[in-house]
Amino acid sequence: MWMLEMRSEGQTRRLTVNRSERGWQMTEEQDAHVVRDVTYTDWHRVERAIKVFERAADPVSSDA
């Protein structure tokens, strides 16, 4: 299991990746509500999704 949690101005965003029989189950939550739940069979897609999640939380890259 892999998890990344970000908190800012009273909001919490969490990304969790678990290995499953079908690939990697990725769940994104915002304030304890699931906003995205997807299974990837290709690890490179998981890596891209993680980078997108991190960029969305980075004020420097979101302003660019």
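1. Ground rules before the strands: two strands pair if DSSP finds at least two bridges between them. Helices (H or I, at least four residues) and strands (E, at least two) are DSSP runs, numbered from the N terminus. With that in hand, Arg19 stands opposite Trp24 in S3.

2. A word on what you're looking at. This is a predicted model, where local features need pLDDT of at least 70 and side-chain atom pairs count only at pLDDT 80 or more, while totals for chains, interfaces and linings use all residues. Residues are numbered from 1 along each chain as its sequence is written, and side-chain values use heavy atoms, with hydrogens and water left out.

3. Overall layout: the protein chain has 2 helices and 4 strands, and from the N terminus on the elements run β-β-β-β-α-α. The strands make an open sheet of 4 in the order S1-S2-S3-S4, with antiparallel pairing. S1 (2-8) and S4 (33-40) stand at the edges, each with a single partner strand, so one side of each is left without a neighbour in the sheet. From one strand to the next, the twist averages 10 degrees (axes are lines fitted to C-alpha atoms, for helices over the stretch in contact; angles run from 0 to 180 degrees between N-to-C directions).

4. What does helix H1 touch? Residues 43-57 form H1, which packs on the sheet and touches S1, S2, S3 and S4, where contact means heavy atoms within 4.5 Å. The direction of H1 makes about 175 degrees with that of S2.

5. Now the pairing around S3. S2 (residues 11-20) and S3 (residues 23-30) pair in the antiparallel sense over 8 bridges, and S3 pairs with S4, also antiparallel, over 7 bridges. Trp24 is worth a click: Tyr40 in S4 stands opposite Trp24, and the charged end of Arg19 sits over the Trp24 ring, 4.3 Å from its centre. The rule for that last one is NZ of Lys or CZ of Arg within 6 Å of the ring centre and within 35 degrees of the ring normal.

6. Asp37 is in strand S4. Leaving aside residues up to four places away in sequence, Asp37 touches Gln25, Met26 and Thr27. The C-alpha atoms of Asp37 and Gln25 are separated by 7.3 Å, with these positions 12 residues apart along the chain counted as their separation.

7. Which backbone angles should you check? Phi of Glu9 is positive, about 45 degrees, although Glu9 is not a glycine; Glu9 lies in the loop between S1 and S2. At 81% relative accessibility, Glu9 counts as exposed (over 50%; buried is under 20%, partly exposed in between, with a 1.4 Å probe and protein chains only). S3 and S4 form a hairpin with 2 residues between them, and Asp31 in the turn has a positive phi of about 50 degrees. Ala32, in the loop between S3 and S4, has a positive phi near 70 degrees and is likewise not a glycine. Ala32 counts as exposed at 64% relative accessibility.

8. Chain-wide numbers, for the record. Buried residues make up 25% of the 64 residues in the protein chain. About 4800 Å² is exposed, with carbon and sulfur atoms supplying 48% of it; these areas come from the Shrake-Rupley method with a 1.4 Å probe, and for residues only the protein chains shown count as cover. Among contacts with a separation of 6 or more, residues 24 or more positions apart account for 17%.
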